[in-house]
Amino acid sequence: PVPVRLADYRPPAWLVDTVDLDVSLHPTATRVISRLALRRNPEGAADAPVVLDGDGLTLVRVALDGAPLAGGAYEATPQSLTLRAPTADRFVLEVETLVNPTANTRLMGLYRSSGNYCTQCEAEGFRRITYFPDRPDVLSVYTVRVEADRAEAPVLLSNGNLERNGPVADTGRHYTIWHDPWPKPAYLFALVGGNLSKVPDHFVTRSGRPIELGIYVEPGKESRASYAMDALKRSMRWDETAFGREYDLDVFNIVAVSDFNMGAMENKGLNIFNDKYVLASPETATDADYAGIESVIAHEYFHNWSGNRVTCRDWFQLCLKEGLTVFRDQEFSSDQRSRPVKRIADVRTLKAAQFTEDAGPLSHPVRPDTYREINNFYTATVYEKGAEVVRMLKTLLGEDGFRAGMDLYYDRHDGDAATIEDFLAAFAEATGRDLSHFALWYAQSGTPRVTATGAYDEAARSFRLDVRQETAPTSGQSEKKPVMLPLTLGLIGPDGADQPLTLGGSNMPHPVIEVTEAEQSFVFTGLDARPVLSLNRGFSAPINLSTNLSDEDLVFLAAHDADPFNRFDAMQGLALRLLKTGAAEGRLPDATPLVEAARRVLTDTTLDPAFKAQALALPGENEIAREIATDVNPDAVFTTRRALRAVLAEALAAPLGETYDALTTTSPYSPDAAAAGRRSLRNLALDYLTSGATSEAIARAQAQYGAADNMTDRFAALAVLSQHDTPARTEALADFYRRFVNDPLVIDKWLSLQAQIPEEGTLERVKALTLLPVFSMSNPNRVRSLVGAFAVGNPTQFHRASGEGHNFLVDVVLGLDATNPQVAARLLSAFKSFRQLEPARRASAERALQRVAVTPGLSADVADIAIRSLS
Ligand code: HT7
Ligand code: ZN
C-alpha cells in the first residue's frame, strides 16, 4: 500500500450537502440508492473531477439530476467512481449499488452479526456501502430510509430522529425513515436491522429537553443492560456539569452486537457496541467488566461532542477526538469512583500498552504524519498517550484555563472538521499561554527518560533538584528535542508532611515545575531538614523517571506520601528494583524493605482497600521485561516474580489471612466501587495465600469458587486455581465450562484464563481449545480471548525458546488475514517488543515476522504491521 502523508492534505474538491439513502436490506443483495447533493468546494482544486471512494461494490446505475448517465460520462471500478470534470457547480448524483452483508467477514461496512444487520464505518467502511467521498472533512445532513422483511428485521434503526415508519404494501416488508439534522462525516453513519429487544428509558437534559433512550439487545438479555443504561444517564449528566455539553437529538440509541472488531462506535445518535461493553449481571460479569462498561458507555457518549459535533479534518488528527475523549472518560470514571485508584489503573494501562509500543518498532507520534493503513493507528499512543497530553495541558493551564480553552474550542469549531493546531490555538487564546513548545508532544514519538537528582544542603537549608531529559531515537525519528514537562511535586519533611515550596524566593502557588530544557535545575529554599522528593505526582507527565531516591526513601514515600499515586509508585519501584536484579542474577536480593512497606500498607486501616490491592500487586511480567529492556529472558522474569510473590506471601501470611477473613461478607453483590475495592483486596490476598499451593490454600480457593454468588469472586478463585497443576484446577475448569457453556462472554474468560497458564502444556491446550464448538475464528472476541491472551498475557509460553509459540501466532494471523485483516493485524502486533528479547528468542520472532512478510496476497493491514515490525 502507498503511504498517505499529512503534508499532502488538500481540501476536498467537492462537498456533499445532503445525503438521501434508501437501503433495502437483503441477506446477500442489499440494494443501496444514494442521492448526493454535490457542491463544488470554493476552497478545493478548481476543475477537479468528482471522485467517490468505493470498496467491493456492485454498481447498478448512475444518474445526474434525475437523468441516467451514459457509461462514457463516468468511470467505475470497485474502488472508485469518477465523474469527468462536471460543468455545473451543484447537482444531484444518484447511485445505485448492491452489497452482500452475509459475505462481509471483515466486519467493516454493512455486515451481519447473529443474523442481525449492522454497520461499522470508521475509518473507511462507508465506501463498502455506497460510493462516497469517504473522508472526515466532508460533512453532510443525512436522511435514511431503511427497508427490510418485517419478520427478519422488526427493528430498523439509523442516525438521528425517527421521522416515519410503516409497511410496504403487499410485501411483508416495512420501512423506517430517519433524519439527522447535524452534519456529519460518513464514518459516523450507522444502520441496524434485526430482531432485537429494546430496553427503554428517558433522560431530561438540564435545559429541560426530554430524550428517549434505548438499548437494543438480543431477546432474553434485557436484564443485563440495566447497568449500561445507568452508566449512560450518569454520563449524560456528567458532560453537562463537567463540560457544559448537552445532548442534541430527541433519541439516543445503543445496539449491542456480538461480532465487532473493536469496543464500540460513536455513530451519531446510534452507538453500536461490542456486547461485552453492554451486558452485565452479577453472575456473569466481574467488577472489571462493570468498570469497563461504565467507561466505554461514557467514552462513546462523550464523542457526541468530542468527535461528532467537532470532528477531525483528516485521520492524522485521530487523537483530536480519541485522546480527548479518553481523557474525558477517565475523568468521568474518576468522579464516579476513586480518583487515585482510577489514576493508578490508567497509568498501569498506559505503561503496559503505550510505553511498550513506544519502545519498539511500532512507535509513532500521537499525531502520526504518515500511514499505510489507518486501521492500524487506533493505538495506545493515539488513545492513551493522546489522553495524557490533554491531561498535561490541564495541569499547565489549571482547571479554569482548561475549561475556558475547551469552551472556546467547542464554540469555534462546532460543525467543523478540526486539527490539533485548532485545538491548541483555542487553549492558547483562552489563556494567553504560548503552547508552541508543548505542541511537540503531538509530533515527537518515544517516552522521555527523565533523571532527577536531589541534594539537600543543610547549611543553606535548600534542596537542589537537577532534572535531565532525553528521548531515545524511535523508528523514523533519529533526532529528538526536549519536550515540555509539567512535573507536579512535593518535598516531604521527616514528619511525613509536605513542606511549603519556595522556589526562586517565591512561594509556589501550584506545586508544578515546568521543565523545557534538556537539563534544568531548581533550588527550593527554607527547608529545615532533608526532605524526601516526591516527583511527578499523579504521573503528571508520561515519562520514565529515575531518581536518586534510596530504598529507605521509597519505603518512606510508600508510608507517607500525600500523593496516593506516588505511594503506589514507591511500592512498585521497590519491587522493580528487586525483580530486575533477581532476573539478572538468578537470585532475589533481600526483600525486607519491600516486605515491611507491604506490611504497613496491608495493615493500615485508613487506606482504601482498592488502593491497597493496587499497591500490593507486583508489576506484571511484561512491565518487568520493559524495565530490563534488553536481552530479556521471559523464563527468568517469571521465576523471579514468582519467587518474590512467595517471599511476600510467606512473610505476610498472617495479615493476609486476616485481611481475607475480614473482607469475607454475606452482603449481596453490588458493583459499586467501594464493594469492588473490597473484593479486589480479598482476591489479591487469596492469590498470595494460594501461591504455595498447600492443600489448605487450594481448599480455600475451591470453597470460594463454589460458594461465590458473583462472577468476580468465582472467577478470581478459578484464576488462582488455574495457576496450580492440581486436580482442583481440572475440576473447577470443567465446572465453569458446564455452567457457562451457553454464555459466550463468560466462555471468553474461560478461554483467556487457560491461554495464560504459564506451563509447557499451554500451547497444546490453546490449540485444542480452538477446536471446541464454543470457539470461532470469525468472532473477534473469541480470537482475542484465546489467541490474543496467549500472545500478550503468557510471555513464557508465547516466547518459548523452541519458537512454537511464535509459529502458532503466525499461523493464526495468516489464516485470519483472508477473512478479517483488521483483527489479524492486531494479533500480529503482539510481536511489538520482540527486539528486547534475548538473542535466540529474538531471532525466532524475527523469522516468524519474516514468514508473514513474504506471504503473497497479504492484506494492507497485516503487511503494514509486518513491515514496520521488521524495520
Ligand atoms: N471511534 C471508534 C473506533 C472504532 C473503529 C475503528 C476501526 C475499525 C473498527 C472500529 N470500531 C470502532 C471507537 C472509539 O474509540 O470510540
Ligand atoms: Zn473513541
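What share of the contacts in the chain between residues at least 6 apart in sequence join residues at least 24 apart? I looked this up first and found 70%, taking two residues to be in contact if their C-beta atoms, placed from the backbone, lie within 7 Å.

I note that the model is predicted, that local features need pLDDT of at least 70 and side-chain atom pairs count only at pLDDT 80 or more, while totals for chains, interfaces and linings use all residues. Residues are numbered from 1 along each chain as its sequence is written, and chains are lettered from A and ligands numbered from 1 in the order in which they are written.

Whole chain. I counted 26 helices and 33 strands, which are DSSP runs numbered from the N terminus (helices H or I, at least four residues; strands E, at least two). The radius of gyration, 28 Å, is close to the 29 Å of the globule rule for 871 residues, so the chain is as compact as a globular protein of that length; the radius is taken over C-alpha atoms, and the rule is 2.2 Å times the number of residues to the power 0.38.

Domains. The assignment, automatic or from a database, gives domain 1 (4-310), domain 2 (317-443), domain 3 (451-473 + 483-541) and domain 4 (741-871). For domain 2 and domain 3 I found C-alpha centres 26 Å apart, with nine residues of domain 2 and 10 residues of domain 3 in the contact. On the side of domain 2 that touches domain 3, α4 (339-358), α5 (380-413) and α7 (440-443) each give two or more residues, and α5 gives the most, with three.
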